[in-house]
Amino acid sequence: MRWLLMTRISDSQWKNGSNSVTHSKLQQPNRQLFHGDIHEEDESEINELLKESFQQWLDETQHAHSPLLHYSLELCRADGQPLLITGQVSPAETHSAIEIPITSRSDDTQLLGLLRLNKQDTSEELIALLHAAALHIKQIFYHRYDMDQVAQLLMHHQRRTRDENNRDILFLVAKRLHDQNDVSSVLQVLLEDFAHLYPHAEFQLYLSQDHVNVDPRVKPLLLRHAMEDMNAKAFLTGQPNQMEDEQGKIKLAVPMCGKQAVYGVLSIGMQSERWDESELDELIMLADTAGSAFENAKLFEQSNLLISELQLINELTKRLNQSLRLSEVFEFAVSELLSIFKGDYCNILQLNNDDKFQVVASNLPHEANESYSTRYGFCGMVYSTKEPLIIADYWSTRIVDSKLMDATGSRSLIAAPLMAGQDVVGVIMVSHQNANYFSYENYKLLQVLSTHIGLAISNASLHAEVRRMVITDNLTGLYARHYLNENIQSKQRKDPCGSLVLVDIDHFKKVNDTYGHLHGDSILVTVSEVIRACIRDSDIAARWGGEELAVYLPKIRTAQAYRIAERIRSMVELHTTPVVTVSCGLSEWTFEDEKISVESLFNKADMALYEAKKKGRNCIVIG
């Protein structure tokens with residue numbers, strides 16, 4: 001077994017040697033750029049720097065024609081394993097070598113590597129050259145190390161300066177974003193500032209909420225195949241996604257988060273050589289700032305919308321309650337709903353006595369008084385669910401048939417029930433010819449307005465019912481005496497003439513005594529129905545008192561009034577059981593009379609009725 005004879009000459013041994021002059025010329029500089037040193041743990045960095053330093057030394061030495069280049073030189077790691085070898089090693093020289101340690105500048109005991117000369121016989125001059133080479137390599141090593149440190153410091157300084165500049169820019173961007181009070185302005189500022197900050201990047205903004213924006217870079221976020229789409233995935237997880245495509249392009253999806261929700265995703269693409277991982281934090285900060293500003297602007301818009309809606313509801317309620325006439329309430333509600341929602345058509349339907357929906361107000365003339373089953377169309381859906389509905393596009397869905405939508409060519413619809421307690425008593429329908437016209441805010445507002453409109457209709461209906469009860473006789477259904485008096489007085493001020501017929505049931509007391517009061521009431525109701533059947537809608541029939549009834553005939557003279565009274569007299573005799581007869585007294589007034597009054601008209605008719613009674617009843621007398 002052959003042993004390799006190694007001779008290692010340390011720096012301290014060399015310093016005590018005879019060639020002190022050569023060594024003094026090759027001493028390391030006293031001033032160093034850095035007082036720090038490389039650590040033994042950084043073995044890979046040490047070895048890489050040693051190889052680079054050795055290669056540089058070889059390049060420089062070749063120009064100087066150093067004798068060392070005639071021999072085999074090895075650059076070794078601290079453990080003696082070769083890193084680089086130069087020159088040819090003869091078999092005779094493999095048994096012996098001289099090694100010069102390359103130590104750290106701060107600690108001579110810390111070994112960085114070895115410079116090995118493979119030669120059996122060496123002279124002092126060759127050893128001096130080898131030692132000088134080791135020192136030179138050490139100088140190159142630390143020069144490179146210091147330059148690396150300088151480069152790292154410079155890079156760190158540049159990055160810190162850039163970060164500071166970016167922080168200033170982001171602060172200004174954040175200020176600009178938060179200065180905006182509406183969503184459109186926030187999005188516009190975000191797009192402008194992002195284009196300024198990253199001119200080399202392609203980007204789009206995907207929004208999860210409905211928002212009309214003319215900028216082509218703002219697009220709706222679709223959540224179909226969410227786990228395959230990086231934008232949808234970033235939206236759902238609230239975390240940024242990053243990938244590199246086949247062309248080496250970096251793609252990023254950064255969620256735009258607020259305190260309450262994620263509102264959208266910034267989709268960014270750029271070439272990989274322009275991408276710096278440190279910029280990801282800045283992008284996240286920018287997206288979060290935009291999300292917060294978007295959320296604040298949205299809340300501001302919603303608060304303003306809520307205030308305007310409350311003002312609108314207050315004004316609408318006040319104006320609805322100013323009128324207690326049902327027709328006026330319906331007409332006002334239709335006009336206001338068309339104005340508020342900018343709709344094309346509006347129908348208000350009310351449940352009638354036949355349990356059908358009747359159109360009581362509409363801006364469509366042909367829809368007036370149309371009636372529909374409670375199971376038909378959209379009004380049937382509202383009736384069955386007792387809930388409002390919104391239709392985005394009737395043509396594409398057509399879940400039910402609708403005469404309103406077909407006749408008008410409408411595509412969008414919002415509808416809401418009119419409630420009376422727990423029951424649906426009507427439906428409001430507002431339509432538009434454009435698809436996707438009504439928003440969710442419109443849908444919610446109509447739901448609120450329908451409650452107030454329903455209350456106004458209930459109040460007007462209740463008022464109409466109370467008024468009907470006040471002016472109507474409860475038994476016969478004819479008007480009360482005071483209502484008849486008021487109307488005669490009103491018509492005497494504007495009509496040229498009019499007639500009054502007083503009708504008295506003959507022997508009515510005998511009927512009550514013979515058949516009872518219930519049967520007598522039935523006779524009164526029958527006679528009242530006969531009178532209503534014999535007169536016009538414009539005529540006024542009233543219960544005068546007891547068994548006496550009165551009919552006022554506007555713009556009718558005595559001759560025509562007599563024929564009407566005769567028709568009443570004959571019809572009563574035909575339609576009553578037991579058969580009863582009536583006596584009638586007639587009177588008239590004209591604008592030529594000296595005295596025109598309700599009292600004089602009634603007095604003349606009453607006197608005529610008295611004469612009819614004297615003549616034997618069942619006849620007509622003109623006063």
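## A buried aspartate in strand β17

Leaving aside residues up to four places away in sequence, Asp504 touches Glu547, Glu548, Thr581, Val582, Ser583, Leu609 and Lys613. This is a predicted model, and in it Asp504 belongs to strand β17, which covers residues 497-505. The relative accessible area of Asp504 is 5%, so the residue counts as buried. Among its contacts, Val582 falls within β20 (582-590).

The loop that runs from β17 to α14 (508-515) holds His507. Although His507 is not a glycine, its phi is positive, at about 50°. Whereas Asp504 is buried at 5%, His507 is partly exposed, with a relative accessibility of 49%.

## Overall form of the chain

The chain contains 17 helices and 21 strands. Its radius of gyration is 54 Å, while the globule rule gives 25 Å for 623 residues; the chain is therefore more spread out than a compact globule. Along the principal axes, the C-alpha atoms fill a box of roughly 175 × 50 × 40 Å.

Two residues give a sense of this extent. Pro82 and Arg325 are 243 residues apart along the chain, and their C-alpha atoms are separated by 109 Å. Pro82 lies in strand β3, residues 82-86, and is partly exposed, with a relative accessible area of 43%. Outside the four positions on either side of it in sequence, Pro82 is in contact with Glu74, Leu75 and Cys76.

## Burial, surface and charge

Of the 623 residues, 44% are buried. Among contacts with a separation of 6 or more, 63% are between residues 24 or more positions apart.

The accessible surface of the chain amounts to about 34,100 Å², and carbon and sulfur atoms account for 50% of it. There are 84 negative and 60 positive side chains, and the centres of these two sets lie 11 Å apart.

## The nonpolar cores

The largest nonpolar core has 33 residues, and those that touch the most other members are Leu177, Phe194, Met256, Ile268, Leu283 and Phe294. At least two residues of this core come from each of α4 (124-178), α5 (183-197), β6 (202-207), β9 (249-257), β10 (262-271) and α7 (279-320). The element that gives the most is α7, with eight residues. A second core, separate from this one, has 29 residues, including Ile313, Ile414, Ile453 and Ala460.

Met256 illustrates how parts of the chain meet in this region. Apart from neighbours within four places in sequence, Met256 is in contact with Leu190, Leu205, Leu207, Ala261, Val262, Tyr263, Gly264, Val265, Ala287, Ala290, Gly291 and Phe294.

## Tyr263 in strand β10

Tyr263, one of the contacts of Met256, is located in strand β10. With a relative accessible area of 6%, Tyr263 is buried. Beyond its neighbours within four places in sequence, Tyr263 is in contact with Tyr206, Leu207, Ser208, Gln209, Phe235, Met256, Gly258, Gly291, Phe294 and Glu295.

The pairing with Glu295 joins separate parts of the sequence: Tyr263 and Glu295 are 32 residues apart along the chain, and their C-alpha atoms are 7.9 Å apart. Leu207, Gly291 and Phe294 appear among the contacts of Tyr263 and also among those of Met256.

## Backbone features in loops

A cis peptide bond links Thr577 to Pro578, with omega of about -10°. Pro578 is placed in the loop between α16 (558-575) and β20 (582-590).

Asp355 is a further residue other than glycine with a positive phi, near 55°. Its position is in the loop between β11 (345-351) and β12 (356-362). At a relative accessibility of 51%, Asp355 is over the 50% cut-off and so counts as exposed.

## A long-range approach at Gln489

Gln489 is part of helix α13, residues 481-492. The C-alpha atoms of Gln489 and Ser597 are separated by 7.1 Å, although the two residues are 108 residues apart along the chain. Gln489 is partly exposed, with a relative accessible area of 44%.

Key
Residues numbered from 1 in each chain as written. Predicted model: local features only at pLDDT ≥ 70, side-chain atom pairs only at ≥ 80, totals over all residues. Heavy atoms only, no water. Helix = DSSP H or I, 4+ residues; strand = E, 2+ residues; numbered from the N terminus. Rg over C-alpha atoms; globule rule 2.2 N^0.38 Å. Buried < 20%, exposed > 50% of the residue type's maximum accessible area, 1.4 Å probe, protein only. Contact = heavy atoms within 4.5 Å. Areas by Shrake-Rupley, 256 points an atom, 1.4 Å probe, with all protein chains shown as cover. Lys, Arg positive; Asp, Glu negative; His and termini not counted. Charge placed at Lys NZ, Arg CZ, Asp CG, Glu CD. Core = buried A, V, L, I, M, F, W, Y, C linked by side-chain atoms within 4.5 Å.
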